Amino acid sequence: MAVVLLLGLAMSGVSSNLNRFVPQAQSESAARTVIGDLDLVRSSAISNGRPYQIEFDLDNNQYRIITPFTADGRIARTAEDRTDLGIDTLPKGTSISGLMVSGSPNRITSGLHRVTFHHSGIMNDLVIYLSNDMGEMYDLTVVMGAITGKTLVVEGSFEPQKVTDADF
């Protein structure tokens, strides 16, 4: 009986220590999910020679990839004819709290916002802010460069510096 009691106490201590790693894992999983989808959109635009878009719905914490094709696989002639690959959501406990796109002076925190990846893979610089319900210490920022598509994940809320003529 005493052994069972000691085992129970030991396991409760282990599980409570593991719980502190869960929010960080959720945030990292969300960042990997977003980066994977951004890479998919960029590489699809390049390989198909057509513009693709990713549409962020910040009010509903979801996004979708919009292809240049119709439902039957033909090239869409109008924006309304374009199909999407379904709605993606982030892991439980995480959310997209905002976006910054080059040329936009402020962080976008609500509404629908589309980012276009041109046939060459070029798009606007993109910053995606990921929040975690467990607190700011688990927030991450995903940064994607416009020309190279290189992604970077930064802990916390990263504010990109504005480049001016004086920087050159």
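Q: A salt bridge is a side-chain nitrogen of Lys or Arg within 4 Å of a carboxyl oxygen of Asp or Glu; what makes Arg107 and Glu159 such a pair?
A: The N to O distance between the side chains of Arg107 and Glu159 is 2.4 Å, and because the limit is 4 Å, the pair qualifies. The two residues belong to distant parts of the chain, 52 residues apart, with Arg107 in the loop between β4 and β5 and Glu159 in the segment after β8 (151-155).

Q: How do you know which residues were allowed into such statements?
A: The model is predicted, and local features need pLDDT of at least 70, while side-chain atom pairs count only at pLDDT 80 or more, although totals for chains, interfaces and linings use all residues. Residues are numbered from 1 along each chain as its sequence is written, and side-chain values use heavy atoms, with hydrogens and water left out.

Q: Are Arg107 and Glu159 buried or exposed, or something in between, and what decides it?
A: Buried means under 20% relative accessible area and exposed over 50%, with partly exposed in between, using a 1.4 Å probe and protein chains only. Arg107 has 30% relative accessibility, so it counts as partly exposed, and Glu159, at 40%, is likewise placed in the partly exposed class.

Q: What makes Arg64 and Asp84 a salt bridge, and how many such bridges does the structure hold?
A: The closest N and O atoms of Arg64 and Asp84 are 2.6 Å apart, which satisfies the salt-bridge limit. This pair also links distant parts of the chain, since Arg64 is in strand β2 and Asp84 in strand β3 (residues 84-89), 20 residues apart. Arg64 counts as partly exposed at 21% relative accessibility, and Asp84 counts as partly exposed at 33%. Both residues belong to a network of salt bridges that also links Glu55 and Arg114. The structure holds five salt bridges; another of them joins Arg74 and Asp72 at 3.8 Å, N to O, and these two residues are exposed. Side chains of opposite charge can pair when their charged atoms come close.

Q: How do you know which stretches are helices and which are strands?
A: Helices (H or I, at least four residues) and strands (E, at least two) are DSSP runs, numbered from the N terminus. By that rule the protein chain has two helices and eight strands, and from the N terminus on the order is α-α-β-β-β-β-β-β-β-β.

Q: Why are β4 and β6 called paired strands?
A: Two strands pair if DSSP finds at least two bridges between them. β4 and β6 share seven bridges in the antiparallel sense, so the requirement is met; one example is Gly98, whose bridge partner in β6 is Tyr129. β6 and β7 also run antiparallel, joined by five bridges, and Leu126 stands opposite Met144 in β7.

Q: What makes β4 and β8 the edges of their sheet?
A: The open sheet consists of four strands in the order β4-β6-β7-β8, with antiparallel pairing. β4 and β8 each have a single partner strand, so one side of each is left without a neighbour in the sheet. β4 is nevertheless largely enclosed by the rest of the structure, because seven of its eight residues are buried.

Q: Why is a group of residues called a nonpolar core, and which members of the largest one touch the most others?
A: A nonpolar core is a set of buried Ala, Val, Leu, Ile, Met, Phe, Trp, Tyr and Cys residues joined through side-chain atoms within 4.5 Å. The largest one has 27 residues, and Phe56, Leu126 and Ile128 touch the most other members. The elements that each supply at least two residues include β1 (52-57), β2 (62-66) and β6 (126-132), while α2 gives the most, with seven. In soluble globular proteins, nonpolar side chains tend to be buried together.

Q: What makes Ala45 and Pro51 contacts of His118?
A: Contact means heavy atoms within 4.5 Å, and Ala45 and Pro51 meet that criterion for His118 when its neighbours within four places in sequence are left aside. His118 lies in the loop between β5 and β6 and, at 41% relative accessibility, counts as partly exposed.
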